[in-house]
Amino acid sequence: MKIKDWLYKVKLYSKTNNYIYKDSYIILQYVLNKNRIWIELNINFVLNNKIIEYLDFFLIMRLRGEPICYIFNRCFFLNIEFKIYNDIFIPRSSTEFMVNFIIKFIKFNNLIKILDLGSGSGVISMCISKNCINTLILCIDINYICINLIRYNIKKLGFYNIKCIYSNWFSKIKKNNFFDLIICNPPYIWCKDNCINKKDLRYESYDSLVSFDKGFGDINYIIINSYYYLNNKGWLIIEHSSINFEKIIFLFNKYYYNIYTYKCFIFNTIFTLGQKLIF
Ligand SMILES: C[S@@+](CC[C@H](N)C(=O)[O-])C[C@H]1O[C@@H](n2cnc3c(N)ncnc32)[C@H](O)[C@@H]1O
């Protein structure tokens, strides 16, 4: 069997699922230890039985719905390759859109002290660190596995301006520790939302996705409490969805000004930012 025959087989099995076909190249890259260009140029390369066995093994995992990042414990985010563990939230392209904005925003406003709340794999902080070298970033998460993973990723990739601690939102952050910018992509799905049972979400940690009070609980807590950890004129940026939109904007208006909401329909992203109000 040649590479092109195996790809044809994937097309047949994956039916209309383009993501699986796209991921089949990642499976080929991993098993053959070659890059995408090599695969495109060697489409007639003959695969031996052992290799076909490996390819099929990973393909079956993918067809069952397991995300490709969990199969190989690797992920890409804004061109940075980093390690990920099963159960840790897989960063989305919607967040890439937000992070691209944040990098420009930090540079424009010359922001230094950044708090990344609920950092997950730490990719938001790593991308900021790579692009804004003068920043000092604190990552926090409630999941100890995330903390270990972030420490591994920042050491391996050499980001020295990121610190990482366990914290239940602000519980371990000192009261006199103020930030120029707080970023958060919190859990915001309602437990009764059907999307929670979708194939790929089933593999992700429930606590990363779901929040109490119909998905509003954590966002509510973060908007109110961030206020007390921001420098005067500091900024809060939160990724969210259209659910609870009015409540989010109402709350922002109570504590912040210069409020903007960015929507990108291509990536299905919404994030809102606001600047601390001084009463
Ligand atoms: C949607 S994920 C976002 C991860 C990462 N920021 C990203 O965008 O890829 C939400 C993260 O918040 C963390 N989290 C949930 N509840 C938390 C809490 N009470 N305190 C701190 N972190 C929390 C989860 O462990 C998870 O890593």
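1. The loop between α2 (18-32) and α3 (36-41) is where N33 sits, and in this predicted model that residue has a positive phi, near 55°, although N33 is a residue other than glycine. N33 counts as exposed, because only 12 or fewer neighbours are allowed for that class and N33 has 8 C-beta neighbours inside 10 Å.

2. Two further backbone positions deserve a look beside N33. K15, which follows α1, has a positive phi near 50°. D87, which is not a glycine, has a positive phi of about 90°, and its place is the loop between β2 (80-83) and α6 (93-109). With 15 C-beta neighbours inside 10 Å, D87 counts as partly exposed.

3. Helix α1 itself, residues 3-14, contains 12 residues, and the distance from its first C-alpha to its last is 16 Å, close to the 16 Å expected at 1.5 Å a residue. As background for reading the helices, an α-helix has 3.6 residues a turn, so residues three or four places apart point the same way.

4. In helix α2 the residue to inspect is Y30, which counts as partly exposed because it has 16 C-beta neighbours inside 10 Å. Although Y30 and L55 are 25 residues apart in sequence, their C-alpha atoms are 9.2 Å apart in space.

5. On the overall architecture, the protein is divided into domain 1, residues 3-64, and domain 2, residues 87-276, and the centres of domain 1 and domain 2, taken over C-alpha atoms, are separated by 35 Å. The bounds of domain 1 place helix α1, residues 3-14, at the start of that domain, while D87 is the residue at which domain 2 begins.

6. The protein has 11 helices and nine strands. Its radius of gyration is 21 Å, close to the 19 Å that the globule rule gives for 279 residues, so the protein is as compact as a globular protein of that length. The C-alpha trace spans about 70 × 40 × 30 Å along its principal axes.

7. How much of the protein is buried? Buried residues account for 34% of the 279 residues. As for the contacts between residues at least 6 apart in sequence, 65% of them join residues at least 24 apart.

8. Which residues are closest to the ligand? They are P91, G118, G120, I142 and N185, out of a shell of 21 residues that surround the ligand. By class, this shell has 10 nonpolar, nine polar and two charged residues. Among the elements of secondary structure, α7 (123-131), β4 (136-141) and α9 (206-209) each supply at least two residues of the shell.

9. Helix α7, which contributes to the shell around the ligand, also holds M126. M126 counts as buried, because it has 25 C-beta neighbours inside 10 Å, and 20 or more are needed for that class. Leaving aside residues up to four places away in sequence, M126 touches I80, F82, N153, I154, L157 and F159. By contrast with those contacts, T272 lies 146 residues from M126 along the chain, and the C-alpha atoms of M126 and T272 are separated by 21 Å.

Note on methods. Residues are numbered from 1 along each chain as its sequence is written. This is a predicted model: local features need pLDDT of at least 70, side-chain atom pairs count only at pLDDT 80 or more; totals for chains, interfaces and linings use all residues. Domain bounds come from an automatic or database domain assignment. Helices (H or I, at least four residues) and strands (E, at least two) are DSSP runs, numbered from the N terminus. The radius of gyration is taken over C-alpha atoms; the globule rule is 2.2 Å times the number of residues to the power 0.38. Two residues are in contact if their C-beta atoms, placed from the backbone, lie within 7 Å. A residue is near a molecule or strand if its C-beta atom, placed from the backbone, lies within 6 Å of it. Ala, Val, Leu, Ile, Met, Phe, Trp, Tyr, Cys and Pro count as nonpolar, Asp, Glu, Lys and Arg as charged, and the others, Gly among them, as polar. The expected span of a helix is 1.5 Å times one less than its number of residues.
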